[in-house]
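Grab a coffee and open the viewer. Here are some exercises to work through, each with a solution.

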Amino acid sequence: THHGCACRCFRCPYQAKVMNRLDAVGSTAQVSAGWLVIGAGLAGAVAAAATAAAPAWGGVLAAESLARPLTLLLVVGAGLLVVVLGLADQRFLLVGGFLLYTAQMFNSSIVPVLTNVYAVVALLLVLLMGMLRGRLPRFEWLRTGIFPATFVYLVVGFVLLGRSIDVGESLKSFLLLGYLIAFCWVVLSAASAEEIRSALRWTSGIVVAASLVLVVVMPSAAIGGYELEIVANRWRGLTQNPNALSTFAGIFFFTAASSMGALASLAPVVLVLAGTASRSVALALGVVAWPQLMRGQSVVVKRIAVVVAVEAAPTELYTVFFSENTAPVDISDQALVRTTNTREKSWSGAVDALNTHPIGGLGAGNDFRSSDEGIPVSSSVLRPLVELGYPGLIPLGLIALGGVRAARLQPSLFRSLFAFLVIHGIFEGWLFAGGSMLFVVFVLA
């Protein structure tokens, strides 16, 4: 209005100044709206944590302690610190999101385990990262990798929901898997492959380092206490079970940026393997990492490595698949060379459940009901079959086709990580588990 209609025809400095101010106001409004959404989500998560935590008592930082003012202040302060650091460098938001998602697998004797809360806040952190970078989730990501197989699993699970022995548990499983899909989708859209690798390295390194410290300073909570005490006194550290801790050690090894970094990671990885006595991770590491470590070595070293592998592998495979010895042992006696078959009950229960419920299975999220001890199925191959029956072969087949094809296009580091998790998944049941950071890594790899 200052210059009349002439502004429409000629460039006007006054008009340019006004338009720049309007653009700035619009940008500020968008950012403010984003902050309001994130703030509301964080407030809801804290409120849900306090509500869920109130009834119980016990533990070092147990869930109920979130209802206490000091602990609540510390939690909110830590969250604000991550956000402030993330505003300076968005990679802190990615690491914070990964750590929060990993917290769903933490040792409940040490930290509160509030699955939905952690998943929601982790999603908000990576959403903030994408907002700050102006990278919105792109739908083309949902057509690649493991995403189609996951969608098929959800569709089949919903179709067979009426056959589930616990519909509530199945719906909870679908909700967690929805969080995981959204989380991975946002991460792939907002971060580069190198940033994802670095964040996974930091996350797994923090879990491993904290666990080693806890084994020393808090052995009563960090050693033993796992529900399957066939092997006593195994380390679980910060995680809920020994196999989870050893898997994070494997992820720490494979996400090293260079071969020298991988070699430097060997000492803590071997220490964790010795303390957890996890044969599944040792086998997966040996199959995938052993050839890589032998590159550039002398002929004598390679021959020694072949002899060791030939001696160790058959015994390891026999005890895992065929041994009938289920007598409890102590980790100090046999450790990785034990002959006990710790998966016999889980696998036989899974086969019985599949034979009993061939169509529809036990229902999504109900795999733990296949054993009398309430232990989840210890195999990612058997888990979808137990949950969905023989229709579970459909998402498994898509995993085999789409996952392998997508992994071939990834950098060699992610291919190695993918191969490690494929072999590991034969012996551990994290596939399609929405609360598992291991499935997150599998999707990202």
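The exercises below go from the whole chain down to single residues, and the model they use is a predicted one.

**Exercise 1. Take stock of the chain: what is its secondary structure, and what share of the residues is buried?**

Start with the secondary structure: the protein chain comes to 18 helices and two strands. Next, turn to burial. Of the 445 residues, 48% are buried. Then look at the surface, where the chain exposes about 21200 Å², with 68% of that supplied by carbon and sulfur atoms. Finish with the contacts: among those between residues at least 6 apart in sequence, 73% join residues at least 24 apart.

**Exercise 2. Check the length of helix H17, then work out how many of its residues are buried.**

Step one is the ruler. H17 runs over residues 412–425, and its 14 residues at 1.5 Å each should span 20 Å. The C-alpha atoms at its ends are 20 Å apart, which agrees with that expectation.

Step two is burial. In H17, 10 of the 14 residues are buried, so the helix is mostly covered. Among the buried ones are Leu413, Leu417, Phe418 and His424.

**Exercise 3. Which residues does Thr255 contact, leaving aside neighbours within four places in sequence?**

First place Thr255: it sits in the loop between helix H10 (242–254) and helix H11 (259–276). With a relative accessibility of 1%, Thr255 counts as buried, because the cut-off is under 20%.

Now list the partners. Thr255 touches Arg197, Leu200, Arg201, Ser204, Leu413 and Leu417. Two of these partners, Leu413 and Leu417, are buried residues of H17.

**Exercise 4. Sort out three salt bridges: what are their N to O distances, and are the partners buried or partly exposed?**

A reminder before you start: side chains of opposite charge can pair when their charged atoms come close. A search of the whole structure turns up six salt bridges.

- Arg138 pairs with Glu140, with their closest N and O atoms 3.8 Å apart. Arg138 is partly exposed at 38% relative accessible area, and Glu140 is partly exposed at 36%.
- Asp166 and Arg369 meet at 2.6 Å, N to O. Asp166 is in the loop between H6 and H7, while Arg369 is in the loop between H14 and H15, so this pair ties together parts 203 residues apart in sequence. Asp166 has a relative accessible area of 22% and is partly exposed; Arg369, at 38%, is partly exposed too.
- Glu387 and Arg383 meet at 3.3 Å, N to O. They are four residues apart in helix H15, so about one helical turn separates them. Glu387 and Arg383 are both buried. Salt bridges with shared partners also join Asp367, Arg383 and Glu387 into one network.

**Exercise 5. Classify two ring pairs from their geometry, and say which rings are linked into a cluster.**

Keep the bookkeeping in mind: a pair of aromatic rings is described by the distance of the centres and the angle of the planes. The structure holds 12 aromatic pairs.

Take Phe253 and Phe254: their centres are 5.2 Å apart with 85° between the planes, and the pair is edge-to-face. Both of these residues are buried.

Now take Phe432 and Phe439. Their ring centres are 5.7 Å apart and the planes are at 70°, so this pair is edge-to-face. Phe432 is buried at 0% relative accessibility, and Phe439 is buried with a relative accessible area of 0%.

For the cluster, follow the ring pairs: they link Tyr153, Phe418, Trp430, Phe432, Phe439 and Phe442. Of these, Phe418 is one of the buried residues in H17.

**Exercise 6. Where do Ala277 and Phe432 lie, and what are their phi values?**

The background is simple: most residues other than glycine have a negative phi.

Ala277 has a phi near 55°, a positive value in a non-glycine residue. Ala277 lies in the loop between H11 and helix H12 (279–294) and is buried, at 0% relative accessibility.

Phe432 is not a glycine either, yet its phi is positive at about 65°. Phe432 lies in the loop between H17 and helix H18 (437–444).

Conventions: Residues numbered from 1 in each chain as written. Predicted model: local features only at pLDDT ≥ 70, side-chain atom pairs only at ≥ 80, totals over all residues. Heavy atoms only, no water. Buried < 20%, exposed > 50% of the residue type's maximum accessible area, 1.4 Å probe, protein only. Contact = heavy atoms within 4.5 Å. Expected span 1.5 Å × (residues − 1). Salt bridge = Lys/Arg side-chain N within 4 Å of Asp/Glu carboxyl O. Areas by Shrake-Rupley, 256 points an atom, 1.4 Å probe, with all protein chains shown as cover. Phe/Tyr/Trp six-rings, centres within 6.5 Å; stacked < 30°, edge-to-face > 60°.
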